[in-house]
Each structure stands twice: as C-alpha cells, then as structure tokens.
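Trainee: I have this model open and would like a close look at a single part, the packing around the sheet. Could you walk me through that part and how the rest of the chain is arranged about it?

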Amino acid sequence: VAEAGGEPVGQLGLQLARYGVADLGMLVAAGWRGRGVGTALLAEAVRRARAAGAHKIALQVWPHNTAAIALYERFGFQREGYLRRHYRRRSGELWDAVVMGLPLD
C-alpha cells in the first residue's frame, strides 16, 4: 500500500504462479495519478517479483488507460495480446483488455 498523510493512495498486488509468472494488479487513487505513486509501486513490484524468483510479470490493463500503458512501457513491458469483450462491467458493458508482460531474465 502507498500512503500519504496516513491515507492510502495506491495499492499493489502480486501473485506468483507455480510456473514462475507474477500476475500484477495495481491501482492509484484518482487525485494521486501522475505524481510518481504508480512509478514507485511498479518499481517495488519488479523488485519483489525478482526476489520471489519470478521469471516474468504479467498484467492486463484497459486499452483506454493510456497513462498506465505508458508507465508499463517505460518499465519495459510489452503488449502481448488483446482480449476483446472480455470483462463484463456492472453496467452490462463488455470491456476489452490489453495483455502485457515483462520478462525478468
């Protein structure tokens, strides 16, 4: 968890699969985006994934989240796939997702 003034402003989740890929989930509070929180969280994710013995980090991101995609690409993540109409939202809409990965070896 990333905090500012005792309040959470971001969070990171990593789950290491038996086959060595760490699945990443991350969010930054709206008022804190573009202020380095995501960069700090992602740097910590890479550090922890390596320390846990992962050979790769994988994630999915909404295609309209261009700021997040740019952040991931700055860290070396590459687009590996595209899931069309994959996630059903509460509204009933079906959203796409971009699959990205970062080899750690």
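Mentor: Happy to! One term before we start: a contact here means heavy atoms within 4.5 Å. Please also keep in mind that this is a predicted model.

Let's begin at I57. Leaving aside residues up to four places away in sequence, I57 touches A22, L24, A45, V46, A49, F77, M100, G101, L102 and L104. I57 also belongs to the largest nonpolar core, which has 19 residues. Those with the most contacts inside that core are L24, I57, V61, Y72, F77 and M100. At least two residues of the core come from each of these elements: strand 3, helix 1 (37–51), strand 4 (56–61), helix 2 (66–74) and strand 6 (94–103). Another core lies apart from it, with 5 residues, including A2, V9, V37 and L41. As general background, nonpolar side chains in soluble globular proteins tend to be buried together.

Now for the sheet itself. It is an open sheet of 6 strands in the order 1-2-3-4-6-5, with mixed pairing. Strand 1 (2–4) and strand 5 (78–88) are at the edges; each has a single partner strand, so one side of each is left without a neighbour in the sheet. From one strand to the next, the twist averages 20 degrees.

You can trace the opening strands residue by residue. Strand 1 and strand 2 run antiparallel and are joined by 3 bridges. A4 has E7 as its bridge partner in strand 2. The hairpin of these strands has 2 residues between them, and G5 there takes a positive phi near 60 degrees. Moving on, strand 2 (residues 7–16) and strand 3 (residues 21–28) also run antiparallel, with 7 bridges between them. One pair to find on your screen is G10 with its bridge partner V28 in strand 3. This hairpin has 4 residues between its strands, and G20 in the turn shows a positive phi of about 95 degrees.

At the edge of the sheet, have a look at R85, which is found in strand 5. Its phi is near 45 degrees, a positive value in a residue other than glycine. The cut-off for exposed is over 50% relative accessible area, and R85 has 58% relative accessibility, so R85 counts as exposed.

Finally, let's step back to the whole chain. The protein chain has 2 helices and 6 strands, following the pattern β-β-β-α-β-α-β-β along the sequence. Its radius of gyration is 14 Å, close to the 13 Å that the globule rule gives for 105 residues, so the chain is as compact as a globular protein of that length. Along the principal axes, the C-alpha atoms fill a box of roughly 40 × 40 × 25 Å. Of the 105 residues, 30% are buried. Among contacts with a separation of 6 or more, 53% are between residues 24 or more positions apart. The exposed surface of the protein chain is about 6,900 Å², and carbon and sulfur atoms supply 48% of it.

How values were computed. Residues numbered from 1 in each chain as written. Predicted model: local features only at pLDDT ≥ 70, side-chain atom pairs only at ≥ 80, totals over all residues. Heavy atoms only, no water. Pairing = 2+ DSSP bridges. Axes fitted to C-alpha atoms, helices over the stretch in contact; angles between N-to-C directions. Core = buried A, V, L, I, M, F, W, Y, C linked by side-chain atoms within 4.5 Å. Buried < 20%, exposed > 50% of the residue type's maximum accessible area, 1.4 Å probe, protein only. Rg over C-alpha atoms; globule rule 2.2 N^0.38 Å. Areas by Shrake-Rupley, 256 points an atom, 1.4 Å probe, with all protein chains shown as cover.
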